[in-house]
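Notebook open, structure loaded. I'm jotting things down as I look them up.

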Amino acid sequence: MRKRLEICLLLLCVLPALSGCDFLRKAAGRPTSADIEIKRQQIVLAEQRRREVEDSLAREECLRQQRLADSLAVMDSLAKAGCLIRNQSETGRIVGKTLSARYWLVTGAFRKPENARRRCERMEASGFTCEIVSFGSGLDVVLAAPNNTLRGIYGDYRRYVESEFKTPDVWILDAAPEAAQEKR
């Protein structure tokens, strides 16, 4: 009998060792190796997602810095060319129209509406997009080459300077979104 008891005790000690720690963990109410592996995978996935978000934010910040540098370079090029950029708040309100883009080339101001219309038609025939607006000063102003980026308006400015329409007093209107709203 004692021999059997010794064999049973030996088996009780050896069998858990052969079956791993999961038997004892389960008996003690602790997580098993399968539970631990699932948790480890969850932690790895969460860390991957965190790194992806950080990488995405870093890429976006890099692009923002690059856009800022590009804008500064374009503004420097425009300043060297002697082209002014004026905010709409400096020029007065546009009467009766809502502008469709942020940046416009201001190519001329005319007392007679037919002169502004003629200028606009000639520019459109040469491939420029134009609009005639009034700042409320009694002059009809010809706006050309609508664009939403400084880089784009700089390209249009260069094209304009190389065209037959070049005038020394061309400037760029910055009709920021809040300033481009229709004012009456």
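**Entry 1: aspartate 156**

Leaving aside its neighbours within four places in sequence, which residues is aspartate 156 in contact with? I looked them up and got Leu105, Phe128, Ala145, Pro146 and Asn147. Note to self before going on: this is a predicted model.

Next I checked where aspartate 156 sits, and its place is in helix 6, residues 150-161. Buried or exposed, then, for aspartate 156? Its relative accessible area is 15%, and the cut-off for buried is under 20%, so aspartate 156 counts as buried.

**Entry 2: alanine 145**

One of those contacts, Ala145, got its own check. Alanine 145 lies in strand 4. I looked at its backbone and found a positive phi of about 55°, although alanine 145 is not a glycine. Its relative accessible area comes out at 4%, so I put alanine 145 down as buried too.

**Entry 3: the whole chain**

I zoomed out for the inventory. I count 6 helices and 5 strands in the protein chain. Reading along the sequence, I wrote the pattern down as α-α-α-β-α-β-α-β-β-α-β. The chain has 184 residues, and 27% of them count as buried. I also pulled the contacts between residues at least 6 apart in sequence: 72% of these join residues at least 24 apart.

**Entry 4: the sheet**

What is the strand order in the sheet? I get 1-5-2-4-3, in an open sheet of 5 strands with mixed pairing. The edges are strand 1 (85-87) and strand 3 (130-134), each of which pairs on one side only. From one strand to the next, I have the twist averaging 40°.

Helix 6 turns up again here, since I find it packed on the sheet. The strands it touches are strand 1, strand 2, strand 4 and strand 5 (171-174). I also noted its direction, which makes about 40° with that of strand 2.

**Entry 5: pairings**

I went through some of the strand pairs. A reminder for myself: strands of a sheet pair through backbone hydrogen bonds, either parallel or antiparallel.

- Strand 3 and strand 4 (residues 140-147) run antiparallel and are joined by 5 bridges. In this pair, serine 134 has aspartate 140 of strand 4 as its bridge partner.
- Strand 2 and strand 4 are antiparallel as well, with 6 bridges. I found tyrosine 103 opposite asparagine 147 in strand 4.
- Strand 2 and strand 5 share 4 bridges and also run antiparallel. Tryptophan 104 has its bridge partner in strand 5, namely leucine 173.

How many residues of strand 2 are buried? I get 7 of its 8, so I logged strand 2 as mostly covered.

**Entry 6: the largest pocket**

Last stop was the pocket search. The volume of the largest pocket is about 160 Å³. I listed 11 lining residues, and those closest to the pocket centre are Val106, Gly108, Ala109, Val141 and Trp171.

Which element gives the largest share of the lining of this pocket? Strand 2 (residues 103-110) does, with 4 residues. I sorted the lining by class as well: 6 nonpolar, 4 polar and 1 charged.

**Entry 7: recap**

Strand 2 kept coming back in these lookups. Strand 2 bridges to strand 4 and to strand 5, is touched by helix 6, and supplies the largest share of the lining of the largest pocket. Helix 6 is also where I started, with the buried aspartate 156.

Definitions and conventions: Residues numbered from 1 in each chain as written. Predicted model: local features only at pLDDT ≥ 70, side-chain atom pairs only at ≥ 80, totals over all residues. Heavy atoms only, no water. Helix = DSSP H or I, 4+ residues; strand = E, 2+ residues; numbered from the N terminus. Buried < 20%, exposed > 50% of the residue type's maximum accessible area, 1.4 Å probe, protein only. Contact = heavy atoms within 4.5 Å. 1 Å grid on protein atoms, 1.4 Å probe; cavity = no way out; pocket = protein on both sides within 12 Å on 5 of 7 lines; lining within 4 Å. Points joined across faces, edges and corners; volume = space filled by probe spheres on them. Nonpolar A, V, L, I, M, F, W, Y, C, P; charged D, E, K, R; others polar. Pairing = 2+ DSSP bridges. Axes fitted to C-alpha atoms, helices over the stretch in contact; angles between N-to-C directions.
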